[in-house]
Amino acid sequence: MSVICSIFTHFANRDNTLTCLRRLAAQTRRLEHIVIINNSSPDDPAMSEARALANASGLPEGCLHILQMPGNLGNAGGCAHGLNYAFRDLGADAVWVLDDDSWPRPGALEALLREPVDDGTVRMSLVIDPKANDELSWPLTIPAEPGRDRKWVNAVRRSELPEGHAIVSRGGWLGALYPRAVWQKAGTPTPELFIRGEDEEYPWKVRHAGFRFITVRDSELEHPGSKYELLHVDIAGRSFFYEPGLSDSRLYYKIRNWSWLQRLKRPKAHLQRLAACAFYALLTLNAMLRCDEVSVRRIYTLFRALHNGFYGKLRPW
């Protein structure tokens with residue numbers, strides 16, 4: 001039997017963390033290991049509550065691991081440590097990546113493992129928002145034509161997904177079941193991305209290591225969508241999404257990490273990347289106007305983030 005480990009980070013939300021642990025304990029296919037990566041202080045009461053909950057839920061002794069971080073490393077930094085710990089120290093064959101506010105339904109892991117795949121395929125759960133009638137929490141990138149993966153489109157509703165249990169996807173982070181071979185070839189997310197970067201950077205690294213992705217329809221992972229409707233612009237087959245209501249810090253990391261990833265993809269195409277950043281700035285400014293989010297601080301955040309990412313400077317907020 002494969003050794004499966006799930007990892008997720010904890011920082012400040014006790015209720016989310018305990019709910020996630022309850023959902024993992026309730027899986028119809030038991031996990032061999034659950035790792036909570038604690039970005040909070042060692043004496044955070046949520047960690048002692050998590051241990052008590054693990055015992056009360058009937059998890060086997062030694063199943064729950066709490067990995068203490070030296071400070072708040074964000075999701076990317078915490079999960080980088082978590083992946084290393086799961087594969088290197090626990091001997092996991094695969095790691096199921098979650099977040100404290102992503103809660104798998106009871107049969108989610110069993111459905112993932114039931115879907116047959118080859119050694120070069122990563123399985124992912126379908127991320128849904130129960131408060132929106134189980135619609136997709138965010139767009140899922142799928143091939144524009146069945147059987148071909150040269151051109152991609154974004155499905156924003158379940159009705160736009162193709163038929164079948166296994167849906168060819170461009171990649172993902174949350175809900176992905178990464179096998180050991182992925183870690184061996186692609187390593188871990190870049191810790192300095194902090195937040196809102198690992199979800200694009202790591203799947204890109206995994207694809208370039210020769211792996212493909214599928215989303216398993218029957219493996220449902222509950223995760224809240226945006227509080228506001230995403231603004232979507234489709235230009236020449238490329239999609240731009242703006243999420244209203246983000247804090248300045250989250251907006252900064254989202255844009256900085258996007259700009260940094262363009263540098264990673266095209267390190268020598270300076271003019272092309274500069275044009276892409278300029279176009280991104282125009283689209284973002286237009287979205288800010290439409291959402292009534294224009295301010296001096298917001299505009300400064302936009303250009304500082306683009307500048308730092310363009311020059312490869314993963315400076316914190």
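This report describes helix H7, its packing against helix H8, and the setting of asparagine 16 in a predicted model.

**Helix H7**

Helix H7 comprises 18 residues, 248–265. At 1.5 Å a residue the helix should span 26 Å, and its end C-alpha atoms are indeed 26 Å apart, so expectation and model agree. Its buried residues include Asp248, Arg256 and Asn257, as well as the aromatic residues Tyr252, Tyr253, Trp258 and Trp260. The elements against which the buried residues of H7 pack are listed below.

| Partner of H7 | Residues |
|---|---|
| Helix H6 | 198–208 |
| Strand E14 | 238–242 |
| Helix H8 | 270–290 |
| Helix H9 | 296–310 |

**The H7–H8 pair**

Two packed helices are described by the angle and the distance between their axes. The axes of H7 and H8 cross at roughly 155° and come within 10 Å. Because angles over 145 degrees count as roughly antiparallel, H7 and H8 are roughly antiparallel to each other. Their crossing is right-handed. On the H7 side, the contact is made by Leu251, Lys254, Ile255, Trp258, Ser259, Gln262 and Arg263; H8 contributes Arg273, Ala276, Cys277, Tyr280 and Met288. By character, the residues of this contact divide into seven nonpolar, two polar and three charged.

**Asparagine 16**

Asparagine 16 belongs to helix H1, residues 14–25. Its relative accessibility is 18%, and it therefore counts as buried. Leaving aside residues up to four places away in sequence, asparagine 16 touches Asp100, Asp101 and Trp103.

Definitions and conventions. Residues are numbered from 1 along each chain as its sequence is written. This is a predicted model: local features need pLDDT of at least 70, side-chain atom pairs count only at pLDDT 80 or more; totals for chains, interfaces and linings use all residues. Side-chain values use heavy atoms; hydrogens and water are left out. Helices (H or I, at least four residues) and strands (E, at least two) are DSSP runs, numbered from the N terminus. The expected span of a helix is 1.5 Å times one less than its number of residues. Buried means under 20% relative accessible area, exposed over 50%, partly exposed in between (1.4 Å probe, protein chains only). Contact means heavy atoms within 4.5 Å. Axes are lines fitted to C-alpha atoms, for helices over the stretch in contact, and angles run from 0 to 180 degrees between N-to-C directions. Angles under 35 degrees count as roughly parallel, over 145 as roughly antiparallel, 65 to 115 as roughly perpendicular and the rest as oblique. A crossing is left-handed if the near helix is turned anticlockwise from the far one by less than a right angle, and right-handed if clockwise. Ala, Val, Leu, Ile, Met, Phe, Trp, Tyr, Cys and Pro count as nonpolar, Asp, Glu, Lys and Arg as charged, and the others, Gly among them, as polar.
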